[in-house]
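This report goes through one protein model, from a single proline outward to helices, backbone geometry, cysteines and an internal cavity. The sequence and the structure come first.

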Amino acid sequence: MFSSLFDRVSEMIFEHDYKCYPCSFMPGDNRPDVDTGGKIIMPPSALDSVTRLNIPWPLLFSMYNPRNSRSTHCGVLEFVAEEGRIYIPYWMFRLLCLEEGQRVTVKSATIPKGQYVKFQPQSPDFVDIHNPKAVLERVLRQFACLTKGDTISITYNDREYEIYVLETKPADAISIIECDLNVDFATPIGYKEKERDLEPMEEDEPAPVVVESSSFKAFGGQGNVLGRKKKKHMSMESTSSANIIVAGPDVDFKIGKIVFVRTLPVSETSTPSEEQFEAFSGTGKTIKQKRKK
């Protein structure tokens with residue numbers, strides 16, 4: 001008896017119709033935290049009802065527009081609205097195609113924890129955000145659940161971006177509270193990869209190769225000793241002026257390949273000349289000559 005009564009209580013759901021307004025209609029100061037998230041403001045009586053009905057936490061709800069059969073899911077931020085009213089983010093108000101004061105049906109929902117979600121940005125400007133996954137992770141902390149087919153709105157650097165929920169697993173509506181969620185992105189609508197102007201590289205004609213021959217020998221001279229006859233020796237080879245060989249264009253040139261020209265210089269050998277050197281080989285003269293007898 002008690003078990004069946006407990007089962008009926010646990011299966012009870014919360015369902016109520018409210019007049020719906022965007023969060024900009026809330027009395028008092030502006031509430032940007034409501035407009036940039038996925039949670040709504042409900043009256044205090046709703047808190048009493050879900051407590052009596054033993055609705056499990058976290059509180060998740062489905063919202064349904066009876067005029068066009070549009071629906072979505074949301075969480076609750078506070079219970080401070082006037083009785084009979086709820087305040088929702090503007091992107092959610094626009095998603096359901098509502099008018100100010102129009103009635104919607106709010107119903108408690110049991111939603112599984114999410115495992116995977118795929119988003120599609122609605123503008124190519126989203127790719128300009130540095131590390132969009134980190135930005136989205138910070139923004140989604142203000143959401144309680146996601147519904148497949150919704151177009152949510154996030155704000156970053158005072159700019160609003162619309163993102164379409166393309167796919168969710170394991171169900172069409174998932175809870176993202178305290179769960180490990182794998183996030184993926186589809187190509188933004190209107191995005192085109194920047195075409196790189198890759199002009200073909202012009203093959204430059206190989207410059208003529210200039211090879212210079214030189215017969216220079218370091219320290220090629222010879223030494224002389226005073227008072228000692230010098231042996232016959234061979235003078236150093238006299239060379240003609242350096243011959244310059246100019247190579248023609250390399251018709252087999254290939255881009256990325258370096259060819260080292262190893263042409264030996266052409267030199268002319270000169271006939272060695274013999275020179276004899278004798279120290280003090282001149283003739284001497286005296287001022288006073290000897291008399292002849």
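## A proline in the first strand

P22 belongs to strand β1, which runs over residues 15-22. The model is predicted, and this applies to every value in the report. With a relative accessible area of 3%, P22 is buried, because the cut-off for that class is under 20%. Leaving aside residues up to four places away in sequence, P22 touches Y87, I88, Y90, F93 and E100. A further pairing links distant parts of the chain: P22 and L98 are 76 residues apart in sequence, while their C-alpha atoms are 9.4 Å apart in space.

The protein as a whole has 293 residues, of which 28% count as buried. Its secondary structure consists of 5 helices and 14 strands. Among contacts with a separation of 6 or more, 80% are between residues 24 or more positions apart.

## Two helices and their buried sides

Helix α3 covers residues 44-52, and its buried residues are A46, S49 and V50. These residues span an arc of only 95° around the axis, so they sit on the same side of α3. An α-helix has 3.6 residues a turn, so residues three or four places apart point the same way. The buried residues of α3 pack against β1 and against β3 (60-65). β1 is also the strand that holds P22. On the face of α3 turned away from the buried side are the exposed residues T51 and R52.

Helix α5 covers residues 132-139, with V135, L136 and V139 buried. Viewed down the axis of α5, the buried residues fall within an arc of 95°, and therefore they line one face of the helix. The cover over these residues includes four strands: β7 (116-121), β9 (151-156), β10 (159-169) and β12 (182-185).

## Backbone geometry in the loops

Most residues other than glycine have a negative phi, and most peptide bonds are trans. The table lists places in this model that depart from that pattern.

| Site | Angle | Location |
|---|---|---|
| N54 | phi about 60° | just after α3 |
| C97 | phi near 55° | loop between α4 (90-95) and β6 (102-108) |
| N157 | phi near 55° | loop between β9 and β10 |
| W57 to P58 | omega near 0° | P58 in the loop between α3 and β3 |
| K169 to P170 | omega near 15° | P170 in the loop between β10 and β11 (173-175) |

The peptide bond from W57 to P58 is cis, and the bond from K169 to P170 is cis as well. N157 is exposed, with a relative accessible area of 62%. C97 counts as partly exposed, at 42% relative accessibility.

## Cysteines

How many disulfides does the structure hold? The number is 0. For C74, the closest cysteine sulfur is that of C145, at 6.2 Å. That distance is too far for a bond, because a disulfide requires the two sulfur atoms to lie within 2.5 Å. C74 is buried, at 0% relative accessibility.

## The internal cavity

Rolling a probe the size of a water molecule over the atoms shows where empty space is left. In this model the count is 1 cavity of 30 Å³ or more. The largest cavity holds about 30 Å³ of space.

Which residues line the largest cavity? They are T72, H73, W91, F143, C145, L146, T147, D150 and I152. C145 in this list is the residue whose sulfur is closest to that of C74 among the cysteines. By class, the lining divides into 5 nonpolar, 3 polar and 1 charged residue.

Two strands, β4 (70-78) and β8 (145-147), each supply at least two of the lining residues. The most comes from β8, which gives 3 residues.

Key
Residues are numbered from 1 along each chain as its sequence is written. This is a predicted model: local features need pLDDT of at least 70, side-chain atom pairs count only at pLDDT 80 or more; totals for chains, interfaces and linings use all residues. Side-chain values use heavy atoms; hydrogens and water are left out. On a 1 Å grid over the protein atoms alone, a cavity is a set of points where a 1.4 Å probe fits but cannot get out, and a pocket is an open set with protein on both sides within 12 Å along at least five of seven lines; lining residues have an atom within 4 Å of a point. Grid points are joined across faces, edges and corners, and a volume is the space filled by probe spheres set on the points. Ala, Val, Leu, Ile, Met, Phe, Trp, Tyr, Cys and Pro count as nonpolar, Asp, Glu, Lys and Arg as charged, and the others, Gly among them, as polar. Buried means under 20% relative accessible area, exposed over 50%, partly exposed in between (1.4 Å probe, protein chains only). The arc is that of the directions from the helix axis to the C-beta atoms. Contact means heavy atoms within 4.5 Å.
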